[in-house]
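Subject: A structure for you to look at

Hello,

Here is the structure I promised to pass on, together with some notes on what turned up in it. Have a look at the picture first, then read on at your own pace.

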Amino acid sequence: MSEQHLGLSQLGRDIPAPTDPTTAVLERVPNPHEDTDYLTRFTAPEFTSICPVTGQPDFAHLVIDYVPDRWLVESKSLKLYLTAFRNHGAFHEDCTVGIGRRLVGLLEPRWLRIAGYWYPRGGIPIDVFWQAGTPPSHLWLPDTGVPSYRGRG
């Protein structure tokens with residue numbers, strides 16, 4: 001099935017990075033296994049945004065897990081969407097929860113969680129966790145694999 005047939009506008013094309021997450025295009029494709037519960041994980045260890053007060057860069061390690069229903073997120077569009085935060089001013093909680101909500105709105109998954117492990121700002125790391133729905137009880141949900149911040153300890 002071609003990208004054009006799926007109605008995709010970014011996959012297989014030279015697309016400039018979007019500069020604003022509110023206008024970045026997130027795309028989805030049909031789930032070929034919608035009769036099966038399985039976990040899909042995206043890890044973005046170099047996520048960046050901008051502090052809306054100081055203008056300084058913020059860095060996070062994001063882990064997005066979801067159990068798809070009818071739709072899968074198209075991964076190139078997700079990468080471009082996450083890149084759009086690079087110059088976007090928002091607090092850690094707003095970025096993390098906003099990404100989760102946008103994905104839930106697009107995909108209507110059976111379950112989704114996002115973990116945002118933010119590197120210290122002012123000496124304090126901020127970790128933000130959000131989920132939509134209840135994970136299927138029979139599905140293996142691995143740990144996010146990101147250790148809590150330990151500093152020099």
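To get you started: in which strand is threonine 40 found? Threonine 40 belongs to strand 2. With a relative accessibility of 18%, threonine 40 counts as buried, because buried means under 20%. Apart from residues up to four places away in sequence, threonine 40 touches Ile64, Asp65, Tyr66 and Pro68. Please keep in mind that this is a predicted model.

**The chain as a whole**

The protein chain is built from 3 helices and 6 strands. Reading from the N terminus, the elements come in the order α-β-β-β-β-α-α-β-β. A compact globule of 153 residues would have a radius of gyration near 15 Å, and the 16 Å of the protein chain agrees with that. Along the principal axes, the C-alpha atoms fill a box of roughly 50 × 40 × 20 Å.

Of the 153 residues, 41% count as buried. The accessible surface of the chain comes to about 8,800 Å², and 53% of it belongs to carbon and sulfur atoms. If you take the contacts between residues at least 6 apart in sequence, 70% of them join residues at least 24 apart. As for charges, the protein chain has 14 positive and 17 negative ones, and their mean positions are 4 Å apart.

**Another residue of strand 2**

Serine 49 is also worth finding on your screen. Serine 49 is in strand 2, which covers residues 40-50. This serine has a relative accessible area of 1%, so serine 49 is buried. Leaving aside neighbours within four places in sequence, the contacts of serine 49 include Gln56, Pro57, Asp58, Phe85 and Trp118. Arg86, His88, Ala90 and Cys95 are also among the contacts of serine 49.

**Aromatic rings**

How many aromatic pairs does a search of the whole structure find? The search finds 4 aromatic pairs. One of these is formed by tyrosine 81 and phenylalanine 85, which meet edge-to-face, with 5.3 Å from centre to centre and 80° between the planes. Tyrosine 81 and phenylalanine 85 are both buried.

Tyrosine 117 and phenylalanine 129 form an aromatic pair as well: the ring centres are 5.5 Å apart and the planes stand at 80°, so this pair is edge-to-face. The pair links distant parts of the chain, with tyrosine 117 in strand 5 (residues 111-121) and phenylalanine 129 in strand 6 (residues 124-132), 12 residues apart. Is each partner buried or exposed? Tyrosine 117 is buried, with a relative accessible area of 11%. Phenylalanine 129 is exposed, with a relative accessible area of 53%.

There is also one aromatic cluster made up of Phe47, Tyr81, Phe85 and Trp118. You have already met Phe85 and Trp118 as contacts of serine 49.

**Helix 3 and the loop after it**

Glycine 98 sits in helix 3. At a relative accessible area of 29%, glycine 98 is partly exposed. Without its neighbours within four places in sequence, glycine 98 is in contact with Tyr81 and Glu93. Glycine 98 and tryptophan 130 are 32 residues apart in sequence, and their C-alpha atoms are 9.7 Å apart in space.

Next, look at glutamate 108, in the loop between helix 3 (92-107) and strand 5. Most residues other than glycine have a negative phi. Glutamate 108 is not a glycine, yet its phi is positive, at about 50°.

**Two more places to visit**

Threonine 23 lies in the loop between helix 1 (3-6) and strand 1 (28-30). Threonine 23 is exposed, with a relative accessible area of 57%. Along the chain, threonine 23 and alanine 84 are 61 residues apart, while their C-alpha atoms are separated by 8.8 Å.

Glycine 133 is in the segment after strand 6. With 47% relative accessibility, glycine 133 counts as partly exposed. Glycine 133 and phenylalanine 91 are 42 residues apart along the chain, and 24 Å separates their C-alpha atoms.

Happy exploring, and do write back with any questions!

Best wishes

Conventions. Residues numbered from 1 in each chain as written. Predicted model: local features only at pLDDT ≥ 70, side-chain atom pairs only at ≥ 80, totals over all residues. Heavy atoms only, no water. Helix = DSSP H or I, 4+ residues; strand = E, 2+ residues; numbered from the N terminus. Rg over C-alpha atoms; globule rule 2.2 N^0.38 Å. Buried < 20%, exposed > 50% of the residue type's maximum accessible area, 1.4 Å probe, protein only. Contact = heavy atoms within 4.5 Å. Areas by Shrake-Rupley, 256 points an atom, 1.4 Å probe, with all protein chains shown as cover. Lys, Arg positive; Asp, Glu negative; His and termini not counted. Charge placed at Lys NZ, Arg CZ, Asp CG, Glu CD. Phe/Tyr/Trp six-rings, centres within 6.5 Å; stacked < 30°, edge-to-face > 60°.
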